[in-house]
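Reader: I am new to this structure and would like to go through it by question and answer. Please show it to me before we start.

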Amino acid sequence: MRNIVISGSASGIGHACLERLEAVGDRVIGIDIRDAEIIADLSTLEGRQRAIDEALKLSGGEIDGLVLSAGVSGMQHPGDFTVSLNYFGSVELFDGLRNAMEGRPNPCAIGLVSNSSQFDIDYEDPMVLALLDGDEDTCREMILELDRGAGYRFAKHALARAIRRRASEWGPLGVRINGIVPGMTETPMVDALQEDPEVGPMLDLLPIPMGRKGNAWEMAGVVKFLLSDDASYIHGMMMWVDGGTDAAIRPDRF
Ligand SMILES: NC(=O)c1ccc[n+]([C@@H]2O[C@H](COP(=O)([O-])OP(=O)(O)OC[C@H]3O[C@@H](n4cnc5c(N)ncnc54)[C@H](O)[C@@H]3O)[C@@H](O)[C@H]2O)c1
């Protein structure tokens, strides 16, 4: 039986992953701020450390899959909380649990990025570089100078690069690491955004060639594939699952 650790397992994409993986016989260890086997606030250093310690204990130190889905949209939370949870709440779990994946057959770690990680981003932006440098206190101060949505976009952009930067080191250890890049997906997070008087109407302007939002079940299907033997050579990659939004916005970039 595989041990799969999932953050954000109480809702949306993380919960759909839990359901789909348990249905095929995996032992899923959920981490969330509520309704999970491990209760931890991943926006804090202490919460992340507790999550890592408990996941190691509950898995017996053997983890086959790690799916980091805990996150907030950034609209209902201050920017410093958003970068702490969405960026540091993922990279610290990747690094804290990697050892437990080494030596397992075909282990894989997956981060939930976002197609907004490419919206209006300067790859050399000081905020992005500060996140990649890993000084959380500095990042929390810097983000408060920026607009409401910036914490989310910057955190997701840096998360994608943190994943890709790990590929060279993790590959020789036999541990795959990848990102899933969802577009608009029907979950409680997007329901709340849709109701926001400022953000809701902007969401409706995003092109979706497939003509509809995605759903959590579809995202979990891609997670299930990336964790499978069929994906054994997929490493260091961003898997876009956005109904064509990115292709519509940036048809000549990939
Ligand atoms: N829904 C979308 O359209 C969409 C698009 C792109 C990326 N994403 C990303 O996918 C991931 C899942 O999003 P979702 O739509 O399923 O959202 P969701 O709100 O349904 O689920 C997020 C989960 O994170 C948990 N969480 C929140 N704060 C936490 C904290 N401090 N510590 C631990 N857990 C905490 C919540 O309790 C919840 O269970 C997020 O990282 C999100 O940024 C979602």
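The turns below go from the overall fold to the sheet, the core and the ligand.

Reader: What kind of model is this, and how are residues numbered?
Author: Residues are numbered from 1 along each chain as its sequence is written. The model is predicted: local features need pLDDT of at least 70, side-chain atom pairs count only at pLDDT 80 or more, and totals for chains, interfaces and linings use all residues.

Reader: How many helices and strands does the protein have?
 Author: Helices (H or I, at least four residues) and strands (E, at least two) are DSSP runs, numbered from the N terminus. By that count the protein has 10 helices and 9 strands.

Reader: What is the radius of gyration of the protein?
Author: The globule rule, 2.2 Å times the number of residues to the power 0.38, is compared with a radius taken over C-alpha atoms. For 254 residues the rule gives 18 Å, and the protein comes close to this, so it is as compact as a globular protein of that length, with a radius of gyration of 17 Å.

Reader: What is the strand order in the open sheet of 7 strands?
Author: Two strands pair if DSSP finds at least two bridges between them. The edge strands, each pairing on one side only, are β3 (38-39) and β9 (238-241). The pairing is parallel, and the order is β3-β2-β1-β4-β5-β6-β9.

Reader: Is strand β1 largely enclosed or exposed?
Author: A residue is buried if 20 or more other C-beta atoms lie within 10 Å of its own, exposed if 12 or fewer, and partly exposed in between, with C-beta atoms placed from the backbone. Asn3, Val5 and Ser7 point one way from β1, Ile4 and Ile6 the other way, and all are buried. Since 5 of the 5 residues of β1 (residues 3-7) are buried, the strand is largely enclosed.

Reader: Which residue in β2 is the bridge partner of isoleucine 6?
Author: Strand β2 (residues 27-32) runs parallel to β1, and 5 bridges join them. The bridge partner of isoleucine 6 in β2 is glycine 30.

Reader: Which helix gives the largest share of the largest nonpolar core?
Author: A nonpolar core is a set of buried Ala, Val, Leu, Ile, Met, Phe, Trp, Tyr and Cys residues joined through C-beta atoms within 7 Å. Of its 67 residues, Leu66, Leu97, Leu131 and Val223 touch the most other members. The largest share, 10 residues, comes from residues 79-101, helix α3.

Reader: Which residues come nearest to the ligand?
Author: A residue is near the ligand if its C-beta atom, placed from the backbone, lies within 6 Å of it. Of the 26 residues around the ligand, those nearest are Gly8, Ser11, Gly12, Gly71 and Thr187.
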